[in-house]
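Q: Could you take a close look at one part of this predicted model for me, the cluster of aromatic rings, and set it in the context of the whole fold? I would enjoy one connected walk-through.

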Amino acid sequence: MLAAKQAGDRTMRGERGVRYSGVAMLLHWVIAILVIMNWQIVEAAEGLDGPLRGEVMGYHKAWGMLILGLTLARLGWRLSHKPPALADTLRPWEKTLARVTHTIFYVLLIGLPLGGWLASSLVGRPVDFFGLFTIPNLPTGSNDALGGAIFDAHALGANFLLILIALHVAGALKHTFFDKDGNLWRILPFGTPKA
C-alpha cells in the first residue's frame, strides 16, 4: 500500500512519472492564460489614443511583469523538480522539437517582458504594477530612438510567440486526436497519460 502511494506521489510530482507536477501544471496554464489575455489587451490598445491608450498599455506592462515573475518561478521549479521524461511513443525528431520549443518558450516568456521593461526605461516610463507599487526604470538613461527600436523588436517577438503557441496547440491536438498517445494529459490533472 505504501509503495503504491509513493509511486502515485512520484507520478504527480513528475519524478520518474509520466505526469507533470501539480505546481508545474498550475504555472503552465496560468501563464498560458495570461499570455493570451495580455495579447488581447495590447490588441485592444491599438485602436486607442491618448491617456486611455496609455492606461491600457499600463495594464499590458503590469501583466507582462507578472508573466515574467511566474515564468521565472516555473523555470526555478523545473530546475529543482525534474520533469517527466518525454514519452517513449515520440519519435526522435519529435523529442528534439519538444525540447527546442520549450527552450524558445522560456526565452520569449523571459525576454519579452525584460525587453518591454528595458524599452519603457529608455523612454522614461516606469511600470505601474496594478497601482500597488511602481517598478522603477532600469538605469539606462534616456534614448527614445533605441527604446522605440526595442518596442518594435518586442512586437516582433510577441508575434513569433503567438505563432509558436499556435504550433504548440496544433501539436497537442495532433497527439490527442491523431496519435492518441495521451501526451496532452501529462500537463493536465485528469486523463490518462502514457509512458
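A: Read from the start of the sequence, the pattern is α-α-α-α-β-β-α, which comes to five helices and two strands. Please keep in mind that this is a predicted model. The C-alpha trace spans about 60 × 35 × 25 Å along its principal axes. Of the 195 residues, 35% count as buried. Among contacts between residues at least 6 apart in sequence, 66% join residues at least 24 apart. The protein exposes about 11500 Å², with carbon and sulfur atoms supplying 70% of that area. As for charge, there are 18 positive and 13 negative ones, and their mean positions lie 15 Å apart.

Now to the rings. A search of the whole structure finds five aromatic pairs. In one of them, Trp63 and Phe130 have ring centres 4.7 Å apart and planes at 70 degrees; an angle over 60 counts as edge-to-face, so that is the label for this pair. The pair links distant parts of the chain: Trp63 sits in helix H3, while Phe130 belongs to the loop between strand S1 (127–129) and strand S2 (133–135), 67 residues apart. Both partners are partly exposed, Trp63 with a relative accessible area of 23% and Phe130 with 29%.

Another pair joins Phe129 and Phe133, and this one is stacked, with 5.0 Å centre to centre and 20 degrees between the planes. Here the two partners fall into separate burial classes. Phe129 has a relative accessible area of 14%; the limit for buried is under 20%, so Phe129 is buried. Phe133, at 46% relative accessibility, counts as partly exposed, because the exposed class begins over 50%. Put together, ring pairs link Tyr59, Trp63, Phe129, Phe130 and Phe133 into a cluster.

Helix H3 deserves a little more of your time, since it carries Trp63. The helix covers residues 50–80, and Lys61 is found in it as well. Leaving out residues up to four places away in sequence, Lys61 touches Ser120, Arg125 and Val127. Val127 falls in strand S1 (127–129), and Ser120 falls in helix H4 (residues 92–122). The C-alpha atoms of Lys61 and Ile41, 20 residues apart along the chain, are separated by 9.9 Å.

Arg74 is another residue of helix H3. At 13% relative accessibility, Arg74 counts as buried, because that value is under the 20% limit. Beyond its neighbours within four places in sequence, Arg74 is in contact with Ala24, Leu27, His28, Ile31, Tyr106 and Ile187. Of these partners, Tyr106 lies within the range of helix H4, residues 92–122.

That brings us to helix H4 itself, where a quick length check works out nicely. At 1.5 Å a residue, its 31 residues should span 45 Å, and its end C-alpha atoms are 44 Å apart, so the two values agree. Just after H4, Gly124 takes a positive phi of about 75 degrees. A little further along come strand S1 (127–129), the loop that holds Phe130, and strand S2 (133–135), which brings us back to the ring cluster that includes Phe129, Phe130 and Phe133.

Notes:
Residues numbered from 1 in each chain as written. Predicted model: local features only at pLDDT ≥ 70, side-chain atom pairs only at ≥ 80, totals over all residues. Heavy atoms only, no water. Helix = DSSP H or I, 4+ residues; strand = E, 2+ residues; numbered from the N terminus. Contact = heavy atoms within 4.5 Å. Expected span 1.5 Å × (residues − 1). Buried < 20%, exposed > 50% of the residue type's maximum accessible area, 1.4 Å probe, protein only. Areas by Shrake-Rupley, 256 points an atom, 1.4 Å probe, with all protein chains shown as cover. Lys, Arg positive; Asp, Glu negative; His and termini not counted. Charge placed at Lys NZ, Arg CZ, Asp CG, Glu CD. Phe/Tyr/Trp six-rings, centres within 6.5 Å; stacked < 30°, edge-to-face > 60°.
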